[in-house]
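Let's take a walk through this model together, moving from the overall layout to the sheet and then to the ligand. Have the structure open beside you as you read.

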Amino acid sequence: MPIVEIDYEKCTFCGTCIRVCPRRLFNEINGEKVEYGDPKSMCIRCGHCVARCPEDAIIYEDMGESYEFSDVNHPERILSYENLFKFLQAHRSIRRYKKEKVSEELLQKVFKAMQWAPTGRNMRSESFIIISDEEQLKTLSDAIQKTLTEDKSWGWLYGERLANLAKEFRSPVYFDAPHLIIVYSQLFTDIGIQNIANIITYGRLAAHSLGLGTCWNGWTQAAIEIDPKIMKLAGFRAKKLGAFTIGYPDVTFYRTPPRSFKHVKGLT
Ligand SMILES: Cc1cc2nc3c(=O)[nH]c(=O)nc-3n(C[C@H](O)[C@H](O)[C@H](O)COP(=O)(O)O)c2cc1C
């Protein structure tokens, strides 16, 4: 159980924890005491009680660190919409990489950001793998190219495209990127894939903020859906997965590509 108890030396019985807990695991006793009770382990470890308690009186374990910094309550002061939107506009899928590997220090920062992504019921049940060995990436790329090319549904779409890329890249599926990150889950429901997509988006944006480039690799996912044995080549087993390449970009963009704006039902 991650929330252990309330520190009554600090607690002022303000009741914030009672109101903030999505599972209502804190109870008011006789209008003057707050108690934590989680007989069925219903806590989802969202940590909102820890984040909201004005007295820092929630004692927890095994949940990682909680951070205090200025503007923790005002994310809009940390990053304005204008800067965020420019950042998003400048965020491109990178299909040209330098050969240079990314340092473990930077990769750890990307994984740290990914592990801050919200997941359904705060389950955080996804796992991570990074493949940096050129030969292993080539083996995977070859298997994925073969599977997609021979597949009745995908062959017409990707066969020729990947054959063309193979004229230029040793690992055409990965554009010879130095690393491939795979996020995978044993959940077979849609929530599994939604969690993965969310995590990957956090990782890609973090990578971009570090001067790295990434490209989501739907080909890996599509090929594994057709032939799950490909997972063995990457060293994992899962029900759902998502993958992206990562490395130093070797490409110059002079402007953003155009994007037509879709009408939003309910707005003028
Ligand atoms: C779920 C998803 C899967 C994708 N799969 C691939 C892929 O397998 N290969 C590829 O070259 N690009 C892939 N992309 C990149 C898209 O083609 C790209 O995002 C789109 O062309 C827009 O370009 P931008 O990301 O630079 O704005 C994928 C993107 C997403 C969101």
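Helices (H or I, at least four residues) and strands (E, at least two) are DSSP runs, numbered from the N terminus. Please keep in mind that the model is predicted.

Start with the broad view. The domain assignment of the protein chain gives two parts, domain 1 (3-60) and domain 2 (81-247). Between their C-alpha centres there is a separation of 39 Å.

Now look for the sheet. It is open and built from 4 strands, which run in the order S5-S6-S8-S7 with antiparallel pairing. Strand S5 (127-131) and S7 each have a single partner strand, so these two edge strands are each left with one side that has no neighbour in the sheet. On average, and ignoring direction, neighbouring strands here are turned by 25 degrees against each other.

Further in, strand S6 (residues 179-185) pairs with strand S8 (residues 240-247) over 7 bridges in the antiparallel sense. If you want a spot to zoom in on, find isoleucine 182, which stands opposite alanine 243 in S8. Helix H9 packs on this sheet, where it touches S7 and S8, and its direction makes about 150 degrees with that of S8.

That brings us to the ligand. Which residues surround the ligand? They are Arg92, Ser93, Arg95, Cys215, Trp216, Asn217, Gly218 and Trp219. By character, this shell divides into 3 nonpolar, 3 polar and 2 charged residues. Strand S7 (213-216) and helix H9 (218-226) each supply at least two residues of the shell. The ligand thus leads back to elements you have already met: S7 stands at an edge of the sheet, and H9 packs on that sheet.

Notes: Residues are numbered from 1 along each chain as its sequence is written. This is a predicted model: local features need pLDDT of at least 70, side-chain atom pairs count only at pLDDT 80 or more; totals for chains, interfaces and linings use all residues. Domain bounds come from an automatic or database domain assignment. A residue is near a molecule or strand if its C-beta atom, placed from the backbone, lies within 6 Å of it. Ala, Val, Leu, Ile, Met, Phe, Trp, Tyr, Cys and Pro count as nonpolar, Asp, Glu, Lys and Arg as charged, and the others, Gly among them, as polar. Two strands pair if DSSP finds at least two bridges between them. Axes are lines fitted to C-alpha atoms, for helices over the stretch in contact, and angles run from 0 to 180 degrees between N-to-C directions. Two residues are in contact if their C-beta atoms, placed from the backbone, lie within 7 Å.
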